[in-house]
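Colleague: I would like to take a close look at a single part of this model with you, slowly enough for a first-year student to follow. Could you walk me through it in one connected answer?

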Amino acid sequence: MCKKYFSNVKFHLREFWKINSRISRIIKNIYIFSKKTYNKSMEELKFTISKNLIKLRKHNKLTQAELAAFVNYSDKSVSKWETGETTPSVEILKTLADFYNVTVDDLLSENFQPEKHFTTKERRYSRLTISLLGISTIWLVAVVCFVFT
């Protein structure tokens, strides 16, 4: 009886180790697959970010040096972001999104198309023009009031 019991235990242990080795192989394969998928998705994300940064910069008619001056980075860093060598940090992505008047999600999406709106330079010129017109109007009203009173 004891011999039969131990043979059953040996059999179950062998089966356990077979199952355990199969499970460990499956887990190893899942790990390798997920690592490959993660690396692939990170490369795709780098490419998407770089493509969108180039689109936005060209859409706003800016040079890499002008963009770098705004975010307080070197133009080499901007070049690396646009070539996909590195990715900007989350803080820089948020700063760039605010600068371009888009969301961070837009920077990360593959099908992003910049909207047809005023570029950054055009916005600056229009604000300057409006400010100068306002100051001129106030100056004119002051001169008219001074002359006719």
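Is Trp 81 buried or exposed, judged by its relative accessibility? Please start there and then work outwards to the helices around it.

Modeller: Please keep in mind from the start that this is a predicted model. Trp 81 has a relative accessibility of 6%, and because buried means under 20% relative accessible area, Trp 81 counts as buried.

The ring of Trp 81 is a good place to begin looking at its surroundings. A pair of aromatic rings is described by the distance of the centres and the angle of the planes. The structure holds 3 aromatic pairs, and in one of them the rings of Tyr 73 and Trp 81 have centres 5.3 Å apart, while their planes stand at 55 degrees, so this pair is tilted. The two partners can be set side by side: Trp 81 is buried at 6% relative accessibility, whereas Tyr 73 is partly exposed, with a relative accessible area of 39%.

Trp 81 also has a partner in helix H1. Ser 50 is found in that helix, H1, and Ser 50 is buried, with a relative accessible area of 5%. If its neighbours within four places in sequence are left aside, Ser 50 is in contact with Trp 81, Glu 82, Thr 83 and Gly 84.

From here we can turn to the helix that holds Trp 81, and to the helix packed against it. Helix H3 covers residues 75-83, and its axis comes within 8 Å of the axis of H2, with the two crossing at roughly 110 degrees; H2 and H3 are therefore roughly perpendicular to each other. Where they meet, H2 contributes Gln 64, Ala 65, Leu 67, Ala 68 and Val 71, while H3 contributes Asp 75, Val 78, Ser 79, Trp 81 and Glu 82. Trp 81 is thus one of the residues through which H3 meets H2.

The loop before H2 deserves a moment as well. Lys 61 lies in the loop between helix H1, which covers 2-59, and H2. Although Lys 61 is not a glycine, its phi is positive, at about 55 degrees, and Lys 61 is exposed, with a relative accessible area of 57%. Thr 63 has its place in the loop between H1 and H2 too, and at 40% relative accessibility Thr 63 counts as partly exposed. Thr 63 and Asp 75 are 12 residues apart in sequence, and their C-alpha atoms are 9.0 Å apart in space.

H2 has a further partner, namely H4. The axes of helix H2, residues 64-71, and H4 come within 11 Å and cross at roughly 115 degrees, and that makes H2 roughly perpendicular to H4. The crossing in which H2 passes H4 is right-handed. On the H2 side the residues that meet H4 are Leu 67, Phe 70 and Val 71, and on the H4 side they are Thr 95, Leu 96, Phe 99 and Tyr 100. Aromatic rings take part in this region as well, for ring pairs link Phe 70, Phe 99 and Tyr 100 into a cluster.

It is worth asking how H4 itself is arranged. Helix H4 covers residues 90-100, and its buried residues are Ile 92, Leu 93, Leu 96, Ala 97, Phe 99 and Tyr 100. Seen down the axis of H4, these buried residues fall within an arc of 160 degrees, so they line one face of the helix. A general rule helps in reading such a pattern: an α-helix has 3.6 residues a turn, so residues three or four places apart point the same way. On the other side of H4, Val 90 and Glu 91 are exposed.

Just after H4 comes Asn 101, which takes a positive phi of about 60 degrees although Asn 101 is not a glycine. Asn 101 sits in the loop between H4 and helix H5, which covers 104-108, and Asn 101 is exposed, with a relative accessible area of 58%.

Finally, the whole chain gives this part its setting. The protein chain has 6 helices and 0 strands, and buried residues make up 20% of its 149 residues. Among the contacts in the protein chain with a separation of 6 or more, 65% are between residues 24 or more positions apart.

Notes
Residues are numbered from 1 along each chain as its sequence is written. This is a predicted model: local features need pLDDT of at least 70, side-chain atom pairs count only at pLDDT 80 or more; totals for chains, interfaces and linings use all residues. Side-chain values use heavy atoms; hydrogens and water are left out. Buried means under 20% relative accessible area, exposed over 50%, partly exposed in between (1.4 Å probe, protein chains only). Helices (H or I, at least four residues) and strands (E, at least two) are DSSP runs, numbered from the N terminus. The arc is that of the directions from the helix axis to the C-beta atoms. Rings of Phe, Tyr and Trp (its six-membered ring) pair if their centres lie within 6.5 Å; planes under 30 degrees apart count as stacked, over 60 as edge-to-face and the rest as tilted. Axes are lines fitted to C-alpha atoms, for helices over the stretch in contact, and angles run from 0 to 180 degrees between N-to-C directions. Angles under 35 degrees count as roughly parallel, over 145 as roughly antiparallel, 65 to 115 as roughly perpendicular and the rest as oblique. A crossing is left-handed if the near helix is turned anticlockwise from the far one by less than a right angle, and right-handed if clockwise. Contact means heavy atoms within 4.5 Å.
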